[in-house]
Amino acid sequence: MTVSSKSSNVTLDREAAFHQIRLFSGLSDKELNLLEKGKEVWYEKGDKIIAEGENDAFYVVLKGKVQVILKDGPREAVLSTYDSGDHFGELLIILGEQLSDHKCAAFASEKSHLLRWDVDAFWRMVYSSPSLTQQILHSMARLLRSLETVLEHNQKLIALGSLAAGLAHELNNPAAAANRSVTQLSYSILEWRSLMQRLNGPEGITSAHWSYITKLRNDILKSDSNSTTAAVAGDLSTNDIMAQSEKEEQIIEWLESHGISDGWKLASELVNVGITIDTIKDIDRTIKSPESATNNSKVVQNLKDILGWLTTTIMVDRLLYEIKSSTTRISDLVSAVKSYSYVDQTPLQHVDLHQGIESSLIMLQHKLKKAEISIVREYDPNLPHINAYENELNQVWTNLIDNAIDGIGKHGTISIRTKNEADDHILVEIADNGSKGIPEDMKSRIFEPFFTTKDPGKGTGLGLSISHRIITETHRGDIRVYSRPGETRFQVRLPIIFKEGLQERYWSWIQPQDQQTPKS
């Protein structure tokens, strides 16, 4: 391998080459000029570019061809091939420690000329361009979908079952959520910069005012992070919607009475981020001074800009959290492929089931909103934590909620109920009121691999099979379905006491189905 960072050694026109690279093709000349150009590296045919377990560099192929090979003992499988204009290595960097023991290696399958960025340079490049971040997230989703196809044709990985076969479907929600958040983030950052310029200008606010609004922003964010229930599209009751509307009207009236005629543009966002009419009044009192009485227009403009700055900065923090949650979910899905095969290596954790359910709802937020489905929560406030494999349980909740959404189709309600039953097991019930129900002759097969009641092309028939294995085999619990036209309920029961390596089955508290009494 030969490495050079000097422009005199460049064999291709660098600027022209960047325009030919698909990853950078959508960037403006200004954005391209801000990017670190990377180091040029050359490899001979057969040279190893990335070794097993490495995740320390990002590459773009200028000329040549690179293959990524998965090694499984004596067997090898080509996972992907990269030609001129392609890029690779971002997945390993982003997932980091999650793939620190990966068995993949990249080789030059012919003499190749590449650009290389180390980890720090890659993150600087990503942070400098929201457009580039969006392109990388898109490519990650395509890569993982492509990986699933390869895995399906690999004999050993096919044995992993539904997790590998359904990987592309499972990745769709977090990838789409990350994509939307990145798009919104770019607009929010532009607005934030504009507000910062005005507030720091000659007619802007003082350092004391900056300290005040910064503390106010931090207090709101702290309150945000301490919230026990995540906001999910479609989960507001009629009373909640009316209360929010009343708050918006109060804010609009107050702003109009204080010279801000277009307060309706701010009201909804102010309520959404938790800023009340009392907070706005306090801000107004704080920024006023004796000399401001002669320059009321300055006070009005500063108040408007401060409110805009608060909503924008809080929104940026929320969007960053959503991106983190989405990419973490992608990482969890990749890890789940490994944990499905090596269950005993997955660590037991002290699990808050409510938190796991809420995480699944966040990942399915877009689908819930699109289908106009509301969520009704009936959580037991005294539900204890349990020792369990958290990643796998989250996959169960995601599968069951996703099935309920598909069963409803359009308009309906999903009810999620938790209960501590007899202090030795926990009930989690997920029910929908809009499905046609599961025919009697299909109920006995509902947990079979590759069996599905969905229309052709809409399901792999693997989600419920995975869920059944996770609950019954891994956690020694029980999962059952009760269905009739207009209602389908999945009931999951998990033992509160669970020990790693436990051999006996915790079935003493589960009566045979024909002896069960109706649940309250």
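The following exercises, each with a worked solution, concern a predicted model.

Residues are numbered from 1 along each chain as its sequence is written. In this predicted model, local features need pLDDT of at least 70, side-chain atom pairs count only at pLDDT 80 or more, and totals for chains, interfaces and linings use all residues.

**Exercise 1. Determine whether the end-to-end span of helix H18 agrees with its expected span.**

Solution. Helices are DSSP runs of H or I with at least four residues, and strands are runs of E with at least two, numbered from the N terminus. Helix H18 covers residues 463-474, which are 12 residues. The expected span is 1.5 Å times one less than the number of residues. For H18 this gives 16 Å, and the end C-alpha atoms are 16 Å apart, so the two agree.

**Exercise 2. Decide whether H18 is largely enclosed by the rest of the structure.**

Solution. A residue is buried under 20% relative accessible area, exposed over 50%, and partly exposed in between (1.4 Å probe, protein chains only). In H18, 10 of the 12 residues are buried, so the helix is largely enclosed by the rest of the structure. Among the buried residues are Gly463, Leu464, Arg469 and Thr474. Just after H18, arginine 476 takes a positive phi of about 55 degrees.

**Exercise 3. Classify the exposure of asparagine 296 and locate this residue.**

Solution. Asparagine 296 belongs to helix H13, residues 296-341. Its relative accessibility is 48%, and therefore asparagine 296 counts as partly exposed. Between asparagine 296 and histidine 258 there are 9.7 Å in space, C-alpha to C-alpha, although they are 38 residues apart in sequence.

How values were computed: Side-chain values use heavy atoms; hydrogens and water are left out.
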